[in-house]
Every structure is written in C-alpha cells, then in structure tokens.
Amino acid sequence: MSQCSHGRWRKWFRGGRRTMKALGMNNARMESEYLVRQAQERAMAGDHFTAVSYLKQALDTYSKNARAFTLLGNCQDCLDNVKHAIESYDKALQIDPDDAETWFNKGMSLKKIGQINEAAQCFEKCMDLNFR
C-alpha cells in the first residue's frame, strides 16, 4: 500500500468523523470503523493475517460491529480457519440477522467442511433476505 493511499484514507476518515458524529456514532465506534477500513485494505491486498489483527483491535474497541465480525470470518476462511470463520459469522448474525452477505459466507464455509444441509439453510436464508 502506498503512503499516498494511506493518507487519503486518513483524510477521508477525519472528514467522515463529523458525519459519523452527526449520525450518533461515539468515539469507540468511529475508531472501530477506521480499523475495519484498514483491515479491508489489508485483506484486499491479500494480507489476511494483518487484517485479522486489525479486526481484533476493532472488536476490542467496539464489540457490536457486525461488519467487523463478517470481515473477520472472511479473513479466517481465507486462512483456512473455517471453524473460526463460522464462529465469527455467527457473532455477526447475532448483531445483524438480516445481513444476506454474512448468511451466504457462512453457507460457503459450512459447505467447505461438508455440512451441506446447514449450508443449504444459510443459502436459503440469504435468498429470502435478498428477495424481500
């Protein structure tokens, strides 16, 4: 990641703080969102190990960040920690049970470990949410 790219994210985040505050986000939640964005950058660059570290920090800062749990599941899945991925998806779904993407990702992880019936249920839930 180039220094310039990192600078743009920080500038965007500083400008976004006002918007997040206006939406009622507290400092812990804003910091968590910033760390999730850092994790997304690392994950997109293929550095899932570092992304996991950022996501754990994000969740230590604000434990109700469903998006952080979903991305943590995605990274764990890419690192072949499928059981941890499923646990992360479950935590995300406890916070936001209407997230179709998380249901789909959980289904894919379940399929990887041969739990076809459970995976099918996740895919069905995903379809239901997408066609509401």
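At what angle do the axes of helix α2 and helix α4 cross? In this predicted model, the answer is roughly 20°, and the close-up views below follow that crossing and then an aromatic pair.

**View 1. Crossing of helix α2 and helix α4.** The axes of α2, which spans residues 27-44, and α4, which spans residues 66-78, come within 10 Å and cross at roughly 20°. Because angles under 35 degrees count as roughly parallel, α2 is described as roughly parallel to α4. The crossing in which α2 passes α4 is left-handed.

**View 2. Residues in the contact of α2 with α4.** On the side of α2, the contact is made by E33, V36, A39, Q40 and A43, while α4 contributes R67, A68, L71 and C75. By class, the residues of this contact divide into six nonpolar, one polar and two charged.

**View 3. The aromatic pair F104 and F123.** The structure holds one aromatic pair, formed by F104 and F123, whose rings lie 5.5 Å apart centre to centre with 45° between the planes, an arrangement classed as tilted. The pair links distant parts of the chain, since F104 belongs to helix α6 (residues 100-112) and F123 to helix α7 (residues 116-130), with 19 residues separating them.

**View 4. Accessibility of the paired rings' residues.** F104 has a relative accessible area of 38% and is therefore partly exposed. F123, with a relative accessible area of 23%, is likewise classed as partly exposed, because the buried class is reserved for values under 20%.

Key:
Residues numbered from 1 in each chain as written. Predicted model: local features only at pLDDT ≥ 70, side-chain atom pairs only at ≥ 80, totals over all residues. Heavy atoms only, no water. Axes fitted to C-alpha atoms, helices over the stretch in contact; angles between N-to-C directions. Helix = DSSP H or I, 4+ residues; strand = E, 2+ residues; numbered from the N terminus. Parallel < 35°, antiparallel > 145°, perpendicular 65-115°, else oblique. Left-handed = near helix turned anticlockwise from the far one by under 90°. Contact = heavy atoms within 4.5 Å. Nonpolar A, V, L, I, M, F, W, Y, C, P; charged D, E, K, R; others polar. Phe/Tyr/Trp six-rings, centres within 6.5 Å; stacked < 30°, edge-to-face > 60°. Buried < 20%, exposed > 50% of the residue type's maximum accessible area, 1.4 Å probe, protein only.
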